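Here is a briefing on one protein chain. Look over the sequence and the structure first, then take the points below by topic.

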Amino acid sequence: MRLILLGPPGAGKGTQAQRLVHRYGIVQLSTGEMLRAAAAAATPVGLRAKDIMASGALVPDDIVIGIISDRLDQPDARKGFILDGFPRTVPQAQALDDLLKKKHMKLDAVVELRVNESALLARVESRVAEMLARGEEVRIDDTPEVLSKRLASYRSLTEPLIHYYSERRKLLTVDGMMTIEHVTREINRILAAIGAVDAKSAKKAPSKAAAKSSGKAAKAVKKAAKASRRAGKPASKGAKKPTPRARPVSKAKGGKVPKKSAKKVTKRRAKA
């Protein structure tokens, strides 16, 4: 399974990525961590990235793609991966497509966590207010002002990716404003629906066939219960009392026809 998670800062991409990693045994590929690891390992691409990062400049796309390429060749990435923090722009997405094509790999899906930006800002403001009330120090990058700038950057640079992947029928949108558990369940559901998870992993959640079978069984039980209730009605409510004429002789006391009934029968015969 090969995925990309899209969404603005604070959408919960990191939390959902970790849950997918634990559930399906795939790896989370963070470009920042890969750059630092490559620099520490002194790989040719890593050394180029190290000098650029030391100067404070942005690492060019070709170097980032080179590092991703090296990382995808490692054994733990064979089962699948989640790209975190890349691509951020359409040119990066195009470069990633070319890389995967060369490696004969296919991107299964791009999961977009759609959120309400106003709600995100309100959350941050509330969290900052609570931290200040407790006398805690607020991180400089965890303020409404910084988040507003990051959201603006996301809209201008990364949001065009939604259209890019939508055109290629890779985009799957999930309501990121739901609870963490609901978002996780919805992601797992859509991944199972498109066949992005293997049979072993899919067993952890009910398959479509199992759900259909379960639905049929539930209907059968309801139908049987309804039939049972209908069958029981004459014995309880709405049952007409048998007339004396219809009452079996064997059920009368002593096996004899009651006197009143006998008189009625005699009168009817007389009239006839």
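In the meeting of two helices, V45, R48, A49 and I52 of α3 touch D62, I63, G66, I67 and D70 of α4. The model is a predicted one. The chain folds into twelve helices and five strands.

**The α3/α4 pair**

- Helix α3 covers residues 44-55 and helix α4 covers residues 61-72.
- Their axes come within 9 Å and cross at roughly 140°. The pair is therefore oblique, as an angle has to be over 145 degrees to count as roughly antiparallel.
- The α3/α4 crossing is left-handed.

**The α2/α4 pair**

- Helix α4 also packs against α2, with axes that come within 10 Å and cross at roughly 85°. That angle makes α2 roughly perpendicular to α4, because the range for this class is 65 to 115 degrees.
- From α2, the contact residues are T31, M34, L35 and A38. From α4, they are V64, I67, I68 and R71.
- I67 of α4 appears in the contact with α2 and in the contact with α3.

**R71 in helix α4**

- R71 sits in helix α4.
- Is R71 buried or exposed? Its relative accessible area is 17%, and the limit for buried is under 20%, so R71 counts as buried.
- Leaving out residues up to four places away in sequence, R71 touches V27, L29, M34, D76 and A77. Among these, M34 is also one of the α2 residues that meet α4.

**The α6/α7 pair**

- Helix α6 spans residues 117-133, and helix α7 spans residues 144-158.
- The two pack at an angle of about 155°, with their axes 9 Å apart. So α6 runs roughly antiparallel to α7.
- On the α6 side, the contact is made by E117, L120, L121, V124, E125 and V128. On the α7 side, it is made by P144, L147, S148, L151 and R155.
- The crossing of α6 with α7 is right-handed.

**A152 in helix α7**

- A152 belongs to helix α7.
- With 33% relative accessibility, A152 is partly exposed.
- P8 lies 144 residues from A152 in sequence. In space, their C-alpha atoms are 9.4 Å apart.

**Q16 and V183**

- Q16 is part of helix α1, residues 13-24. V183 is part of helix α9, residues 180-193.
- Q16 is buried, at a relative accessible area of 4%. V183 is buried too, with a relative accessible area of 4%.
- Which side chain makes a polar contact with that of Q16? The partner is T184, at 2.8 Å.
- Beyond residues up to four places away in sequence, Q16 touches L5, L113, I180, V183, T184 and I187.
- On the same basis, V183 touches Q16, L113, V174, D175, G176 and M178.
- L113 thus contacts Q16 and V183.
- V183 and L113 are 70 residues apart along the chain, and their C-alpha atoms are separated by 8.6 Å.

**Positive phi outside glycine**

- Which phi does A42 have? The angle is positive, about 60°, although A42 is not a glycine.
- A42 lies in the loop that links α2 (31-41) to α3.
- A42 is partly exposed, with a relative accessible area of 43%.
- R169 also has a positive phi, about 55°, and is not a glycine.
- The loop that holds R169 runs between α8 (160-167) and β5 (171-175).
- R169 is exposed, at 80% relative accessible area, and the cut-off for exposed is over 50%.

**The chain as a whole**

- The chain has 272 residues, and 33% of them are buried.
- About 18,200 Å² of the chain is exposed. Carbon and sulfur atoms supply 56% of that area.
- Of the contacts with a separation of 6 or more, 71% are between residues 24 or more positions apart.
- The Q16 and V183 contact is one example of helix α1 meeting helix α9, as Q16 touches V183.

Conventions:
Residues numbered from 1 in each chain as written. Heavy atoms only, no water. Helix = DSSP H or I, 4+ residues; strand = E, 2+ residues; numbered from the N terminus. Buried < 20%, exposed > 50% of the residue type's maximum accessible area, 1.4 Å probe, protein only. Contact = heavy atoms within 4.5 Å. Areas by Shrake-Rupley, 256 points an atom, 1.4 Å probe, with all protein chains shown as cover. Polar contact = N/O pair within 3.5 Å; in protein donor to acceptor, adjacent residues only side chain to side chain. Axes fitted to C-alpha atoms, helices over the stretch in contact; angles between N-to-C directions. Parallel < 35°, antiparallel > 145°, perpendicular 65-115°, else oblique. Left-handed = near helix turned anticlockwise from the far one by under 90°.
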